[in-house]
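Colleague: Please take a close look at one helix pair in this model. Then set that pair in its wider context.

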Amino acid sequence: MATGQGDTETDGESYTRRWEPRLERLKRGWSRYTEHNIGVLGLVILGIFSLWAVVPGVFAPHSTDWIAYLGEPPIQSRLTAEQVRSLPHPPAFGDPFFAPLGTNANGNGILSLVIYSASNAMYIGLAAGLLSSLVGVPLGLISGFYGDTWIDEAIQRFVDVMYGLPFLPFLIVLVAIRGITTTNIIIGIAVTSWLNNCITIRGETLSLKERSYVESAKVAGASDTRIIFRHIMPNVLPISFVFLAQDAAGAVIAQASLAYLGLADFTANSWGIMLENIKSQGYIFDAWWWLLPPGIALMLMAASFYFIGFSMEDVTNPQR
Amino acid sequence: MDRSDDREPLVEIDGLQKLFDQSQGIVDTVLGREPQPVRAVDGVSLDIYPGDTVGIAGESGCGKTTLGKLLVKLYEPTEGTIRFDGDDVTDMTREDERKFRKRVQMIFQDPFESLNPRMTVYDTVSEPLKINEMVDGYDERRSRVKQVLEDVGLGPAEVYLDAFPDELSGGERQRVAIARALVVDPDFVVCDEPVSMLDVSIRAGVLNLMQDLQDEYDLTYLFISHDLSLIRYMCDRAGIMYLGNMVEQGPTDDVIDDPKHPYTEALFDAVPDVELGDNRRRANATGEVPSPRNPPSGCQYHPRCAHIIPPEDWDGSQEAFRRAFQFKLKVRRGDLDAGTASGDGDPVESLVEQGLTLDVPEEYRSEREIETGGRRTNASSLDLPGDARTALDEAAEALLDGDPDAAVAALDGVVTTPCASREPRPFLSGTREVACHRYEDENGNTGAIGGSNGGINAAPTED
Amino acid sequence: MTLLEVNDLSIRYAVDDGSAVHASDDVSFSVEPGETYGLVGESGCGKTTLAKSLVHLLDDNGYIEEGEIWFETTLPQWADENGEPKQSVIDDPDKPVRADGKTDLAQLDSKQIRDIRWRDIAIIPQSAMNALNPVYKVGDQIVEAILRHEPETTADEAHDRARDLLERVGIEPDRADDYAHQFSGGMKQRAVIAMAMACGPDLLIADEPTTALDVIIQDRILEELEALQEEFGVSILVISHDISVMAEICDRMAVMYGGKVMESGRTEDIFDATANPYTLGLKNSFPTITSKDQDLVSIPGTPPTLRDPDEGCRFRERCPFAVEECHAAHPPMYDVETADTEGRAVESTDGRAHTTACYRIDELEQLRTDAINESTWTDQTIESR
């Protein structure tokens, strides 16, 4: 039945042809996504944060080393006693310096600090979220596909044990052993958040593997691996994206909480550290312009991840 | 039929059995209970010759879908063998299994579920080619896929290649499923209710397509359906399954026009037909299909059978025996007890008359039954032997005394049937094989055909 | 006197972007007391929507655009001591009551329609076996139905009636204390029928009554419905795509396609003197158990979209006999008998005659002959994919 006459296409062209229908679908998914204002809002917020993360210098009025009254480094002079007493300084718009959100106790501009800290939060959020998915999704797929066999049992018992692991003490121990670095924080967060991922994916897989198209792949002779990754995984990925968004949001908050507790890399700029600083330096009730911005920024970033996740859930799982 | 002359069967099924749920919990084991597996397929033997279209019909739970899946090795049989083209496929090497899978394919029932929603038509149809490394190069594959799509009526194929399943209608999806099955050029295709989820006016097109493709691709079909009119239209031979057993098989026309097994008869009587209208004769069968986990002993159809065989020493009518047997079944099930006796008059008589009723369509009921809305029948007008009548009265009395066990015991001596003690093996009768004791002595045959040794449970249980 | 008279009923579903799906358009039919009337068609033809609309059971975005549903009943608040509508109500132009005593169900509000449901019109839903609540006893569910729609009944009375009803449909009354999972499939179906009959309705709507059942049980249920009709004189409106079942149980039918009635009349007439290309095509594609050498022909193409449909005949895309005028407007209902005997096309509004929606009614014989040939159907070019 096979005929030898193929079309005379180059391989590059056929490659694009293969992806055309996917692009078509993506476009449709996009228009569906934008039906939800909340998803668009999430994207907008995240977009702003991403810009801050990538080119903070464009948006921030000063660098993080800028000191009020004295300007950018290299700093020539020192603060007078009166100037020191005026720190942290509420928002000032030109007189005696430009700091729309005021300064902290050291004289650094709050707005600049907030903008420069965005990259830290984004990095941790996305990295922890991705790591969590990279562990949770394959384990969930394998566990679900081999449901009710020893493979599944083994993985699930492991998950059960991991559930018992308390987040904070674990992180403290991890950090005590390996040191307070951002990488360790990411690992610590991912280690506890992959569990939900795994279980949900497992549930989906369990139900999907009964579908006729999976049976048909078996009848065609597909190996187990092929079935899991070529046939089932594409159907499971949409949910995992939602989890990714949620895990990222959770990671952002978790990292900030850790910083607040003093378990963070103090050489980096992060919102959590800003909050820790205001607590440890005792200005919580006095300097609202220092207290609120990092908190609000954290909230907005986490919320934007959630909004995106919400909208994506509707795109992938329409409930009309 | 001159089939056995020159051709070897393509598929030989011998005593095939598939049990599910054979394990049980600790509590049950400790309590000494036997596991009660679901006997989905319970001793089926069948030969399929090249070029045949063999239909498997039956109601839900009869095991036809399981049989289909066993043939494509989606399930492994618990017992019995399947031979494909002479080779035993129950235990194959990896290499042999690959070859097998290129020759045997399946079409599934649900056009909405049998296509992966994330794969385009091209992806779906080319997948078997990729798995079996049958065609090299993207372009070659694409043109092969286009060829098959045109063959199944989806032309021009370019339009369909990049479509996703949710853009296609049910009929189109099913054609894609057929294309997927045919792209590897198989010899044998198992079709599991391929059109039952399609709109009525689309079905004929898909069925006709399947017939055309049979010639073009040189195919042998196993066509599974609960819709008997479709079996008639598509299949040369048909097998009727009930609770995992093949009760009758033979040429379709013979099976439909002259059914030998009582279940086959009831099944085809029950089908409504435009021509017959309301002159159709209704199905003469009581009750419903029991659970496959706990099938009746002996011939599994006997509790519903209109032609149940009375014991040798029964000198009354067969109908009377049928009613008496139903009486016994009701007592055993607990449907008849002291509370059932109603109305005035002698309670024993009343209980007997109520117990002897048959839950069948009106045309098979007695006058009294019709009058009383199926509640009572006239015991005296039945041709019951004396000892049977006595046994019934005894049983009724025992029931009124609140002792159902004694009631059953009273009936056990007189109201027994070979249908409940021995499971019938398929016997040759005319052009067909029938698993029914009524055909046991025809042609002097008491043995089975085709060397099947599954299906006999010789231990006589209580009937 | 007719029990139900549906006139020009048009039902729409509102869609997000402002358009409307025309689930049914200008549908008219009538049901007599004690008769079984069938609505036949494939999925998407509008038959289920039509039936649901009679008792206002449409989904939230469904509404009756226009049309009347005249049913032989009177709301309690409008009735005099004989149960007949008061003259003042008939004369009142705001009240949807006609001189012959019928009420227009389309005009009733949600509170008023509740008086009609179950008491006058009851529905046996599709897949009725799943309509039973698994956590309540079957008998209690029937009792609840009775008490909800006839609140003046006492609990004891209701219990007795429930047991009685079960017995009538062939289930032992003691089973009223069992739960749904203890019933077999056929028994569940019968129990649901008993529930529907609980308040003695005049009209039973059976939505695909046999689709989910095995054929032997289907046989008994069909017998049951016939028996009910004989004993209680209830009318039955059957909705199904299975024309064999319809041929057997219906006295009269309407064949629907794309939201419109294509042909209607007595069952024998529709099958023996088929007068519509769609019906001809449908008959051709249906295998029967009795005939040995059939040549089934399917109707190529797919059903039309019902979203803001255009004016022409709904079937014209797939019809091998379509001509110029079919594109202009959907044909009116013509009387078949006049066409067959006198060769004239006469429009008919008589709900009881054999009517068809086809412009080529004067060439019926030719159409019937041609329709048998497979080539008639396969040789046409299909416009849509």
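Modeller: Helices α12(B) and α15(B) run roughly parallel to each other, because angles under 35 degrees count as roughly parallel, over 145 as roughly antiparallel, 65 to 115 as roughly perpendicular and the rest as oblique. This is a predicted model: local features need pLDDT of at least 70, side-chain atom pairs count only at pLDDT 80 or more, and totals for chains, interfaces and linings use all residues. Residues are numbered from 1 along each chain as its sequence is written, while chains are lettered from A and ligands numbered from 1 in the order in which they are written.

Now the geometry. Helix α12 spans residues 318-333 of chain B, and α15 spans residues 386-400 of chain B. They pack at an angle of about 20°, and their axes are 11 Å apart. Axes here are lines fitted to C-alpha atoms, for helices over the stretch in contact, and angles run from 0 to 180 degrees between N-to-C directions. Helices (H or I, at least four residues) and strands (E, at least two) are DSSP runs, numbered from the N terminus. The crossing of α12(B) and α15(B) is left-handed; that is, the near helix is turned anticlockwise from the far one by less than a right angle, whereas clockwise would be right-handed.

Next, the residues. From α12(B) come B:Ala324, B:Phe327 and B:Val331. They meet B:Ala388, B:Leu392, B:Ala395 and B:Leu399 of α15(B). Contact requires C-beta atoms, placed from the backbone, within 7 Å. The residues of this contact divide into seven nonpolar, no polar and no charged. Ala, Val, Leu, Ile, Met, Phe, Trp, Tyr, Cys and Pro count as nonpolar, Asp, Glu, Lys and Arg as charged, and the others, Gly among them, as polar.

Now chain B as a whole. Its domain assignment gives domain 1 (11-269) and domain 2 (310-416). Such bounds come from an automatic or database domain assignment. The centres of the two domains of chain B, taken over C-alpha atoms, are separated by 45 Å.

Last, the neighbours. Two pairs of chains touch, and chains B and C make the most contacts. Chains A and C do not touch; their nearest C-alpha atoms are 10 Å apart. The contact between B and C takes 43 residues from chain B and 39 from chain C. On the chain C side, α7(C) gives the largest share, seven residues. That side divides into 15 nonpolar, 15 polar and nine charged residues.
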